[in-house]
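Me: Please explain how the labels for charged side-chain pairs follow from their definitions.

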Amino acid sequence: MNVAAIMPCRGRAEQTVRNVKRLLATAGYGDWRLTCIVDDDPIVAEALRPILHPNDLVVWGGGPSGYWKAMRYGTARSEATHLVNLANDLLPGQHWLQRAVAAYQVTFGDGPGLLGFNDGHHETEHSCHFLISRTLLDDYGGWPVWYDHNYGDTELCQRAIADGLYAKAPWCTLFHDHVYFGGTDDEVYQEGRANAGKDRLLYEWRRDHGWPSVGRDK
């Protein structure tokens, strides 16, 4: 299984470097690439440059893009069969990716599916970060760029649950050191939740109307 793990990055240069080093050191899996999409932030880009291959550091200028648009941009640069959405506020556990790939293959084999990581906070029906097959993501219209920041992961998980294509692996750990759970608040979190109410209303409308298509994610 070839995996592309994509991390949109904005702010938190020191934390992001620690995160990337730990992700690389603990993945325990060979057939994967970590790509960081740096959102018009030269400080973060320069901090990451010494520890990433040049092809795995993408500086996307032109102003803020948002999490899901950055995921879409990174995915378009890869031909991997499976994708992982990451963030720069995660603490990966030992063999986080190896265990996820193994759990995915046991559950879904070579077929489509969504395998959630254990973030230390959410129960079985939701995963903020997950391993998803490209075929299933394409079936759902690609990364949910119609949301500003929130509820995109919720939509993908709920759709996979409804289709019987969702599972969560308790020992595949990506601990989410989020402000909601006691982490340190900052401008990035504040930007991320600025339109949370609007995203929630959009999510509820889309759910109630059968997840209408909004066009292919190319």
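Reply: At 36% relative accessibility, Arg 200 counts as partly exposed, a class lying between buried (under 20% relative accessible area) and exposed (over 50%), with a 1.4 Å probe and protein chains only. The model is predicted, so local features need pLDDT of at least 70 and side-chain atom pairs count only at pLDDT 80 or more, while totals for chains, interfaces and linings use all residues. Residues are numbered from 1 along each chain as its sequence is written, and side-chain values use heavy atoms, leaving out hydrogens and water.

Me: Why is the contact between Arg 200 and Glu 204 called a salt bridge?

Reply: The closest N and O atoms of Arg 200 and Glu 204 are 3.2 Å apart. A salt bridge requires a side-chain nitrogen of Lys or Arg within 4 Å of a carboxyl oxygen of Asp or Glu, and therefore the pair qualifies.

Me: What separates Arg 200 and Glu 204 along helix 8?

Reply: They are four residues apart in helix 8 (residues 196-208), about one helical turn; helices are DSSP runs of H or I with at least four residues, numbered from the N terminus.

Me: What makes Glu 204 partly exposed?

Reply: Its relative accessible area is 25%, which falls between the two cut-offs, so the label applies.

Me: How do you know that Glu 46 and Arg 49 form a salt bridge?

Reply: Their closest N and O atoms are 3.0 Å apart, so the criterion is met. Glu 46 is partly exposed at 49%, as is Arg 49 at 43%.

Me: How many salt bridges does this rule give?

Reply: The count comes to six.

How values were computed
Helices (H or I, at least four residues) and strands (E, at least two) are DSSP runs, numbered from the N terminus.
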